[in-house]
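Here is a friendly walk through one protein model, meant to be read with the viewer open. Take a moment to look around before reading on.

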Amino acid sequence: TDLYGMGEVRPEWIRKMRTPLENFKQVIKDRNRGVQKIQMFYRDQELRRKMLDELKQWFPDIVVTTSLVNNIELNSRDAHKGIALLKLCAHLNIDPSQTMAFGDGLNDLTMLKTAGIGVAMGNADQQIKDAADFVTDTNDNDGVAKAIGRFCFGSQ
């Protein structure tokens, strides 16, 4: 796990949340259904950066993004946080312009653009900060609470 820069907590989380597959193609064939997400982890950050660019070119109909410093995620065009936010708004009968969303990874980009106020965490990827309406403090320094205070209660 140190080879992938995961720290102490992520490996256990990944083991609980994921099921390794011996034969991916056969599982997909047997289940006769599509794939929502493929996630790959990289030890070599230069290779990860290269693959992130190449995968976007190779698969223009798939959303290629990241959520961790060492991963790449391949998602269906219909499986992203922006669509999830719109569906939640419809379910709750809330106009999306009346929402606020927080993000720090590239997989949060569609959600931040969909929300009325898109807030990037202080520790976010620069592309997320550039796309956000507001940049708050980091996760470790109560960034979400500070942004809620500012936009919902007028505190600084």
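The report below covers the sheet, a threonine in a loop, the salt bridges and the cysteines.

Please keep in mind that this is a predicted model.

**The sheet and its helix**

A good place to begin is the open sheet, which has three strands in the order β4-β5-β6 with parallel pairing. Strands β4 and β6 stand at the edges, where each has a single partner strand, so one side of each is left without a neighbour in the sheet. Between β4 and β5 (residues 117–120), which run parallel, there are four bridges. To find one of them on screen, look for Gly103, whose bridge partner in β5 is Ala120. Helix α7 lies across β4, β5 and β6, and runs at about 155° to β4.

**Thr136, between β6 and α7**

Moving on from the sheet, Thr136 is found in the loop that connects β6 (134–135) and α7 (143–153). Is Thr136 buried or exposed? Thr136 counts as buried because its relative accessibility is 10%. Which backbone oxygen does the side chain of Thr136 reach? That oxygen belongs to Gly143, at 2.7 Å. Leaving aside residues up to four places away in sequence, Thr136 touches Val119, Ala120, Met121, Gly122, Gly143, Lys146 and Ala147. Ala120, one of the residues touched by Thr136, is also the bridge partner of Gly103.

**Salt bridges**

The structure holds five salt bridges. Three of them are set out here, with the N to O distance for each.

| Basic residue | Acidic residue | Closest N to O |
|---|---|---|
| Arg49 | Glu46 | 3.2 Å |
| Lys50 | Glu54 | 3.8 Å |
| Lys81 | Asp108 | 2.6 Å |

Two of these pairs sit within helix α3. Glu46 and Arg49 both lie in α3 (residues 45–58), three residues apart, about one turn of the helix. Lys50 and Glu54 are also both in α3, four residues apart, which is again about one turn. As for accessibility, Arg49 is partly exposed at 43%, Lys50 is partly exposed at 46%, and Glu54 is partly exposed at 21%.

The pair formed by Lys81 and Asp108 has its closest N and O atoms 2.6 Å apart. Lys81 lies in helix α4 (residues 81–92) and Asp108 in the loop between β4 (100–103) and α5 (109–114), so the pair ties together parts that are 27 residues apart in sequence. Its two members fall into separate accessibility classes: Lys81 counts as partly exposed at 32%, while Asp108 is buried at 5%.

**The cysteines**

How many disulfides does a search of the whole structure find? The search finds zero. Cys89 is in no disulfide, and the nearest cysteine sulfur, that of Cys152, is 14 Å away. Why is there no bond from Cys152 to the closest cysteine sulfur, in Cys89? The two sulfurs are too far apart for a bond, because the distance is 14 Å, whereas a disulfide needs the sulfur atoms within 2.5 Å. Their surroundings can be compared as well: Cys89 is buried, with a relative accessibility of 3%, and Cys152 is partly exposed, with a relative accessibility of 48%.

How values were computed:
Residues are numbered from 1 along each chain as its sequence is written. This is a predicted model: local features need pLDDT of at least 70, side-chain atom pairs count only at pLDDT 80 or more; totals for chains, interfaces and linings use all residues. Side-chain values use heavy atoms; hydrogens and water are left out. Buried means under 20% relative accessible area, exposed over 50%, partly exposed in between (1.4 Å probe, protein chains only). Helices (H or I, at least four residues) and strands (E, at least two) are DSSP runs, numbered from the N terminus. A polar contact is a pair of N or O atoms within 3.5 Å; within protein, one must be able to donate a hydrogen and the other to accept it, and residues adjacent in sequence count only if both atoms are side-chain atoms. Contact means heavy atoms within 4.5 Å. A salt bridge is a side-chain nitrogen of Lys or Arg within 4 Å of a carboxyl oxygen of Asp or Glu. Two strands pair if DSSP finds at least two bridges between them. Axes are lines fitted to C-alpha atoms, for helices over the stretch in contact, and angles run from 0 to 180 degrees between N-to-C directions.
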